[in-house]
Structures are given as structure tokens and as C-alpha cells.
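Student: Please take a close look at one part of this model, the aromatic rings. Set the part in its surroundings.

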Amino acid sequence: MTHRDIGFLQQNIPQIQKLSQSEKEKLFVRTAWFKSKKPFVYKGQVSSKNEVELLISASGMLLTLGMKSYKFIRAVHRVIVYPSDYYSILNKKHHVGEYNVGLKTLVFSEKGLRDGFEDDRDNINLAIHEFAHALCIETSGKNSWEARRFQFGLKKVKELFENQSFQEQYDESGYFRGYGLTSLIEFFAVAAENFLETPEQFENLYPELYDLLKKMLNYSYT
């Protein structure tokens, strides 16, 4: 990874500034690995492929920075990028991004991807959201302690998610996007966005849920 690449990431991903020097180096090494090992397929004219690949790769590696297993070997076999929103043949709708479980593929629109980094406190980040979906699949059925810890935490998140008083607080606080109530997996992905963008507010409003995500991701950087 070049100095220019590192400068671009530090300028566009504010969370990197919270990391120690050793943590930054770890992130950059992992980002370079993902960027070089995962096939990126472009559907249309994308303005800067290198920047797009850096943002996508660094997002996944930031989410898994506290984990030993970060390569998404089982869950991500390729990444597809469109210039803007695209039509998904799976559900007959237009999307800005998605994770295709069957094809083990992350799909992004460049516009949706970049929009996620425009405001680092709006709790909307497409890359983090889709990588959170992939991480649920990556850890499912694996026998490592790390994967079991994640899946155990996800069960605890499910208990909270299905709790009536929690759902009432969810509606009243307005902290999480309403879309998170769609399903457990969508809820976790939304929570992951909030966890990385506004951790102080998250911990203050939802300390139990915050602690669960911190343990699941083995995170000490928020």
C-alpha cells in the first residue's frame, strides 16, 4: 500500500484516527491483503477504481480489526461495483448495495459507497452494513472460539431484538434506523454502523447491546 493510499484512507475514514500506530499498521496490512486477493468486478464506468477498492477493503478490515480471522474466506468470493443504484434480479428491486449469500458476493454502487463516508456521524455506512451481513455468514458453523463467541453474541442480540421493551425504546429513541427492525440480520448490520460511527452515544443509550457487539467483534478501538 502506498503512502498516497494510506493518506486517502486516513482522510476519508475518520475512525482510523482513533487507532494506535500499531493498530493502524495492522489495518493497512489487512486492507492491502483484501484488496489484492478479492476479485473486483465493475459493471459500468466507475470514477476511481483504486479509491473504491480501498474504501471497501478498509471497511471490512475495520469491522474485523479485533478478530484473528479477517479474510472472509467462506463468505466473500468477489465484489461487484456499479456506478450508481442497480436493478437486482433476485428481488426485482433497485439497490445501492447488497450481500448475496448464494454467490458469496458483495455488491455496491459507487455512489452509495461514497455517500456512506460523507458524514461519519449519521450512522449510515453501506460498506460496513454489507460486511456485517457477510460476517454473520462467515462465522456461522465455524468451530473456532472466535466464531462461536460471535454467534453466541448474535443469539443474545436476538433476545434483545425480540424483547418488547427494547423495541419500544428503539422506536422512542430514534437512534437506530427503522430499517433495523426488518429482521435480526438487518438489525445487527444497522447496529454495526452505529457501533463504529457513534460509539459514545451507542454505549450511553444501549449499554447492554453495545457491550455485546464489543465482545462479538473483540473491539477495543471505539
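Tutor: Start with burial: 51% of the 222 residues in the chain are buried, meaning under 20% relative accessible area with a 1.4 Å probe and protein chains only, while exposed means over 50% and partly exposed lies in between. This is a predicted model, where local features need pLDDT of at least 70, side-chain atom pairs count only at pLDDT 80 or more, and totals for chains, interfaces and linings use all residues. Residues are numbered from 1 along each chain as its sequence is written, and side-chain values use heavy atoms, with hydrogens and water left out.

The frame comes next. The chain has 10 helices and six strands; these are DSSP runs numbered from the N terminus, with helices being H or I of at least four residues and strands E of at least two. The radius of gyration is 17 Å, which agrees with the value near 17 Å for a compact globule of 222 residues. That radius is taken over C-alpha atoms, and the globule rule is 2.2 Å times the number of residues to the power 0.38. Along the principal axes, the C-alpha atoms fill a box of roughly 45 × 45 × 35 Å.

Now the rings. The structure holds 21 aromatic pairs. Rings of Phe, Tyr and Trp (its six-membered ring) pair if their centres lie within 6.5 Å; planes under 30 degrees apart are stacked, over 60 edge-to-face, and the rest tilted.

Take Phe176 and Tyr206. Their pair is tilted, at 4.9 Å centre to centre and 45 degrees between the planes. The two residues are 30 apart and link distant parts of the chain. Phe176 sits in the loop between α7 (164–173) and α8 (184–197). Tyr206 sits in the loop between α9 (199–205) and α10 (207–216). Both Phe176 and Tyr206 are buried.

Phe202 and Tyr210 make an edge-to-face pair, with 5.7 Å between centres and 65 degrees between planes. Phe202 and Tyr210 are buried too.

These four rings belong to a cluster linked by ring pairs. Its other members are Phe161, Phe166, Tyr170, Tyr175, Phe187, Phe195 and Tyr219.

For another buried site, turn to Leu113 in helix α4 (residues 110–115). Leu113 counts as buried because its relative accessibility is 0%. Beyond neighbours within four places in sequence, Leu113 is in contact with Val52, Leu55, Ile56, Leu126 and Ala127. Contact means heavy atoms within 4.5 Å.
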